Amino acid sequence: MSDFQTWYKQVPPFTRIWLTATVGISLLAKIGLLPISYLILQSAPFFYKLQLWRPMTAVLFYPLNPATGFHFMMNCYFLYNYSLRLESDHYKQKPGDYFFMLFFNWILCVIVGLVMDLPILMDPMVLSVLYVWCKLNQDVIVTFWFGTRFKAMYLPWVLLGMNMILSSGSIFSLVGIFVGHAYYFLKFSYPSELGGPALIETPFFIKRYFPDVQGGTHGFGVPPVGQRPVQQQQQGDMAGFRHAWGVGHTLGRN
């Protein structure tokens with residue numbers, strides 16, 4: 001237990017809260033303490049009954065049963081792995097910027113979910129964070145199934161292709177890629193590569209609540225050219241942990 005507490009306390013705060021809420025809400029729904037029909041995203045109850053918690057629970061909740069349990073664990077693994085790396089590396093000195101990235105991706109996932117009638121948004125939210133990490137680490141070599149190796153920039157598309165082959169829920173992968181690319185383009189590509197104005201800036205009140213940490217040399221606002229070798233080693237450890245993305249489960253439509 002002490003080892004678990006030590007590990008848990010060392011997880012960066014936003015990743016820890018996100019992972020804890022995801023596991024907690026999904027388990028409470030599994031044992032029947034939370035009604036699934038009140039956790040998913042549905043436009044009518046949200047707009048007309050003012051059930052304002054639905055956009056949040058739709059991102060945190062995932063249905064647990066024998067058919068989805070492994071996929072849920074892989075979602076949690078990806079959530080922990082890529083959120084932790086972004087929060088502890090690229091956004092280490094700027095926690096407010098990381099919080100705003102999560103907020104931006106969440107809002108965009110909810111908007112697309114309402115438009116496309118997607119009740120569960122865990123997959124696209126997690127994949128959007130994975131996509132941002134892959135874009136910021138484009139040249140890092142990752143190891144996939146059967147020992148295949150390729151640059152991180154291709155990982156989201158490989159996951160999409162695997163999902164199209166193994167399941168019928170590729171729309172969730174596409175939404176996650178769209179959301180992650182929207183953030184990366186507006187935050188990094190458009191200002192630095194195309195010379196446009198900064199279209200995504202963290203609001204001052206978020207900066208005041210989550211102030212920048214002094215020290216460190218990591219740059220923000222410019223996509224990194226390369227990454228340290230240690231990250232290649234870390235990413236190589238993920239071999240054998242891939243799973244098809246976006247298996248949708250339309251529940252509680254009543």
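## Report on the predicted model

The protein chain has a mean pLDDT of 84, and 82% of its residues reach 70 or more; pLDDT is the predictor's confidence in each residue, from 0 to 100. The model is predicted, so local features need pLDDT of at least 70 and side-chain atom pairs count only at pLDDT 80 or more, while totals for chains, interfaces and linings use all residues. Residues are numbered from 1 along each chain as its sequence is written, and side-chain values use heavy atoms, with hydrogens and water left out.

Two segments have pLDDT under 50 throughout. Residues 217-222 have 12 contacts beyond four places in sequence, and residues 224-254 have 98 such contacts. A contact means heavy atoms within 4.5 Å.

**Nonpolar core.** The largest nonpolar core holds 65 residues, among which Leu 86 and Met 101 touch the most other members. At least two residues of this core come from each of α2 (13-30), α4, α5 (69-90), α6, α7, α8 (155-166) and α9, and α7 gives the most, with 11 residues. Such a core is a set of buried Ala, Val, Leu, Ile, Met, Phe, Trp, Tyr and Cys residues joined through side-chain atoms within 4.5 Å. Helices (H or I, at least four residues) are DSSP runs numbered from the N terminus. Not counting residues up to four places away in sequence, Leu 86 touches Tyr 91, Tyr 98, Met 101, Val 129, Val 132, Trp 133 and Leu 136.

**Nonpolar surface patch.** Phe 103, Ile 107, Ile 111, Val 115, Met 116, Ile 171 and Leu 174 make a nonpolar surface patch of about 590 Å². Two or more of its residues come from each of α6 and α9 (170-193), and α6 provides the largest share, five residues. Patch members have over 30% relative accessible area and no salt bridge, and nonpolar side chains (Val, Leu, Ile, Met, Phe, Trp, Tyr) are joined within 5 Å. A salt bridge is a side-chain nitrogen of Lys or Arg within 4 Å of a carboxyl oxygen of Asp or Glu. Areas follow the Shrake-Rupley method with a 1.4 Å probe. Met 116 lies in helix α6 and is partly exposed, with a relative accessible area of 39%.

**Positive phi angles.** Most residues other than glycine have a negative phi. Two residues listed below have a positive phi although neither is a glycine.

| Residue | Phi | Loop | Relative accessible area |
|---|---|---|---|
| Leu 50 | about 55° | between α3 (43-48) and α4 (54-60) | 59%, exposed |
| Asp 117 | about 60° | between α6 (95-116) and α7 (122-136) | 42%, partly exposed |

Buried means under 20% relative accessible area, exposed over 50%, and partly exposed in between (1.4 Å probe, protein chains only).

Note on methods
Patches are made of residues with over 30% relative accessible area and no salt bridge: like charges are joined within 9 Å, nonpolar side chains (Val, Leu, Ile, Met, Phe, Trp, Tyr) within 5 Å.
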